[in-house]
Amino acid sequence: MELTGKTALVTGSGRGLGRAIAERLCELGADVAIHDLSEEAPAQYGEARNLSEVAEKLREHGTRVIAVTGDIGDPGAVRRMAAAAEAALGRIDVLVNCAGGDIGAKGGKPDPNTALDISLEDMRALIDRNLIGTMLVCQAVCRGMVGRRSGSVINIASAAAHFGTSPEVVYSSLKAAIVHYTRCLAFELRPHNVRVNAVSPGPTRTARFLATRKVDPEMMKESGSLVRYGTPRDIADAVAFLAGDASAFIHGQVLRVDGGLTLYA
């Protein structure tokens, strides 16, 4: 999984899963552009004071790291972020679309958050932050990959994309849409030697996960059983595999990293 000489853009990487992914890519030798909605966003759940602090910490792995900020649902902001990453680090070889989450129009989880009661305002916020944002970032980055006939895109979906659930119905539906968008984009880019895959994490012990839901103490173990919450490193290792040459002939696939939670989906 050697990534020396490659450059990655990881959206939503100021905290949580995205930060763990960015750190793993740096450990493997990649230069990384990290991203969050704002400079202060990583402080929300106490993971860092700001995005600049995250970037400085990641530089300890000996690779180049820059930070970009902006709303992935805003086409202009996405173009500026991609341009800034390429200006500082060169071509983008690896794109990880991790930004998103079940975050409503006013911040925090939508309330109500069920199929029949969620507000239109929250629906639109979730669509922008998940599906449209992923599509816009792919549009901004993948054209360069096509021109170079090289690149790897990893979209972060969710185990919730693979079975019916409530609450979080709109979020789950959008993650299912990201799974199918991954397949469609893979179909388009297959002749151009640009790989596109998705990772569907199960419930994972991020700071936001622990702060925003009731957790099962029996699921908090880190090893010794597959009946547990995932760790951010579990997800980061899967993404790193799909980013590198070890997965050179894997394309259009969805890797469910959930300890078997969705075995029967």
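**Helix packing and local backbone features**

Helix α4 passes helix α5 in a right-handed crossing. The model described here is predicted. The two helices, α4 (120–148) and α5 (residues 169–189), pack at an angle of about 15°, and their axes lie 10 Å apart. Angles under 35 degrees count as roughly parallel, and α4 and α5 are therefore roughly parallel to each other. On the α4 side, the contact is made by Met123, Leu126, Ile127, Asn130, Leu131, Thr134, Met135, Cys138, Cys142 and Val146. These residues meet Val170, Tyr171, Leu174, Lys175, Ala177, Ile178, Tyr181, Leu185 and Leu189 of α5. By residue class, the contact of α4 with α5 consists of 16 nonpolar, two polar and one charged. An α-helix has 3.6 residues a turn, so residues three or four places apart point the same way.

A second helix pair is formed by α1 (residues 16–27) and α7 (residues 232–243), which pack at an angle of about 50° with 8 Å between their axes. Helices α1 and α7 are therefore oblique to each other. Their crossing is right-handed. From α1, the residues in contact are Leu17, Ala20, Ile21, Arg24, Leu25 and Glu27. Their partners in α7 are Pro232, Arg233, Ile235, Ala236, Asp237, Val239, Ala240 and Ala243. The contact of α1 with α7 comprises ten nonpolar residues, no polar residues and four charged residues.

Helix α3 (residues 75–89) was examined for its length and its surroundings. At 1.5 Å a residue, its 15 residues should span 21 Å, and the C-alpha atoms at its ends are 21 Å apart, which agrees. The buried residues of α3 are Gly76, Ala77, Val78, Met81, Ala82, Ala85 and Leu89. These buried residues pack against three strands, β1 (7–10), β2 (31–36) and β3 (65–69), and against helix α4.

Two cis peptide bonds were identified, each preceding a proline. One runs from Asp111 to Pro112, with omega near 5°. Pro112 belongs to the loop between β4 (94–97) and α4. The other joins Ser166 and Pro167, with omega about 5°, and Pro167 is placed in the loop between β5 (151–156) and α5.

The loop between β5 and α5 also holds Glu168. Although Glu168 is not a glycine, its phi is positive, at about 65°. The relative accessibility of Glu168 is 16%, so this residue counts as buried. A positive phi is also found at Arg149, again not a glycine, with a value of about 55°. Arg149 lies in the loop between α4 and β5. With a relative accessible area of 45%, Arg149 is partly exposed.

Towards the end of the description stands Gly259, in the segment after β7 (254–257). Gly259 has a relative accessible area of 43% and is therefore partly exposed. In sequence, Gly259 and Arg228 are 31 residues apart, while in space their C-alpha atoms are 7.5 Å apart.

Definitions and conventions: Residues are numbered from 1 along each chain as its sequence is written. This is a predicted model: local features need pLDDT of at least 70, side-chain atom pairs count only at pLDDT 80 or more; totals for chains, interfaces and linings use all residues. Side-chain values use heavy atoms; hydrogens and water are left out. Axes are lines fitted to C-alpha atoms, for helices over the stretch in contact, and angles run from 0 to 180 degrees between N-to-C directions. Helices (H or I, at least four residues) and strands (E, at least two) are DSSP runs, numbered from the N terminus. Angles under 35 degrees count as roughly parallel, over 145 as roughly antiparallel, 65 to 115 as roughly perpendicular and the rest as oblique. A crossing is left-handed if the near helix is turned anticlockwise from the far one by less than a right angle, and right-handed if clockwise. Contact means heavy atoms within 4.5 Å. Ala, Val, Leu, Ile, Met, Phe, Trp, Tyr, Cys and Pro count as nonpolar, Asp, Glu, Lys and Arg as charged, and the others, Gly among them, as polar. The expected span of a helix is 1.5 Å times one less than its number of residues. Buried means under 20% relative accessible area, exposed over 50%, partly exposed in between (1.4 Å probe, protein chains only).
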